[in-house]
Amino acid sequence: MKKSGVNAYASVGLETGVVDASPLKLIVMLYDGAITACIHAQQAMAQQDIAKKGQYITQAVTIIESGLRTCLDKRAGGDIAQNLDQLYQYMTRSLMEASVRLDAQLVQEIQQLLMELKGAWEALEKSAVARQAQADMSLGQMVAQKTHELKHMGQASRLATAGA
């Protein structure tokens, strides 16, 4: 009972995070999920828990195929999207092979690739946040300048009216 309450709470937190997340943040979250699934799959292999291993490998493959790979816009993304697509195909094949051969080292290799890609997406996310903050600041500065100009115009208008 207690465990299901904790899981429900965590699920609500995850759902809230997804709703509030930017597209870049969602991709980073997908990478996190795939990495976590790979870690759990390796642990299950070490414990010789075949059912859990299968569950976690399936989870990682699903995230890669239905999440990361489906998000690719191959027309707009050009060569980068094509290369990511090929890399995601490789990851899926390798995870399936690792599952059949009980090869934790191959799962580790895929986990490492996912971590490297996640780092690149996090850097993109940070630069996008910085650009947005800069744009917000520029917009704020523009609004402040226009407000200042309007105040001066209002004062000039009052002075002109008082002098007339």
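## Helix naming and the second largest pocket

Helices are DSSP runs of H or I with at least four residues, numbered from the N terminus, and it is in these terms that the lining of the second largest pocket of this predicted model can be apportioned. The largest share of that lining, six residues, comes from α4, while α3 (50-71), α4 (74-101) and α5 (104-163) each supply at least two of the lining residues.

The second largest pocket has a volume of about 230 Å³ and is lined by 13 residues, of which Leu72, Asp73, Ala81, Leu84 and Trp121 lie nearest its centre. Sorted by class, eleven residues of the lining are nonpolar, with one polar and one charged residue besides.

## Packing of α3 with α4

Two of the helices that contribute to the pocket lining, α3 and α4, also pack with each other, their axes lying 10 Å apart at an angle of about 170°. Because angles over 145 degrees count as roughly antiparallel, α3 is described as roughly antiparallel to α4.

On the α3 side the contact is made by Lys53, Ile57, Ala60, Val61, Ile64, Glu65, Leu68 and Arg69, which meet Asp85, Tyr88, Gln89, Met91, Thr92, Leu95, Met96 and Ser99 of α4. Taken by class, the residues of this contact of α3 with α4 comprise nine nonpolar, three polar and four charged.

## Loop residues with positive phi

Gln48 is located in the loop between α2 (23-46) and α3, and its phi is near 55°, a positive value in a residue other than glycine. With a relative accessible area of 68%, Gln48 is classed as exposed, because the exposed class begins over 50%.

The loop between α4 and α5 holds Leu102, whose phi is likewise near 55°, again a positive value in a residue other than glycine. Leu102, however, has a relative accessibility of 45% and therefore counts as partly exposed, a class that lies between the limits of under 20% for buried and over 50% for exposed.

## Ala128 in α5

Ala128 is placed in helix α5, which is also one of the helices that supply at least two residues to the lining of the second largest pocket. At 23% relative accessibility, Ala128 counts as partly exposed, since buried would require a value under 20%.

Although Ala128 and Leu24 are 104 residues apart in sequence, their C-alpha atoms are 8.6 Å apart in space.

Methods:
Residues numbered from 1 in each chain as written. Predicted model: local features only at pLDDT ≥ 70, side-chain atom pairs only at ≥ 80, totals over all residues. Heavy atoms only, no water. 1 Å grid on protein atoms, 1.4 Å probe; cavity = no way out; pocket = protein on both sides within 12 Å on 5 of 7 lines; lining within 4 Å. Points joined across faces, edges and corners; volume = space filled by probe spheres on them. Nonpolar A, V, L, I, M, F, W, Y, C, P; charged D, E, K, R; others polar. Axes fitted to C-alpha atoms, helices over the stretch in contact; angles between N-to-C directions. Parallel < 35°, antiparallel > 145°, perpendicular 65-115°, else oblique. Contact = heavy atoms within 4.5 Å. Buried < 20%, exposed > 50% of the residue type's maximum accessible area, 1.4 Å probe, protein only.
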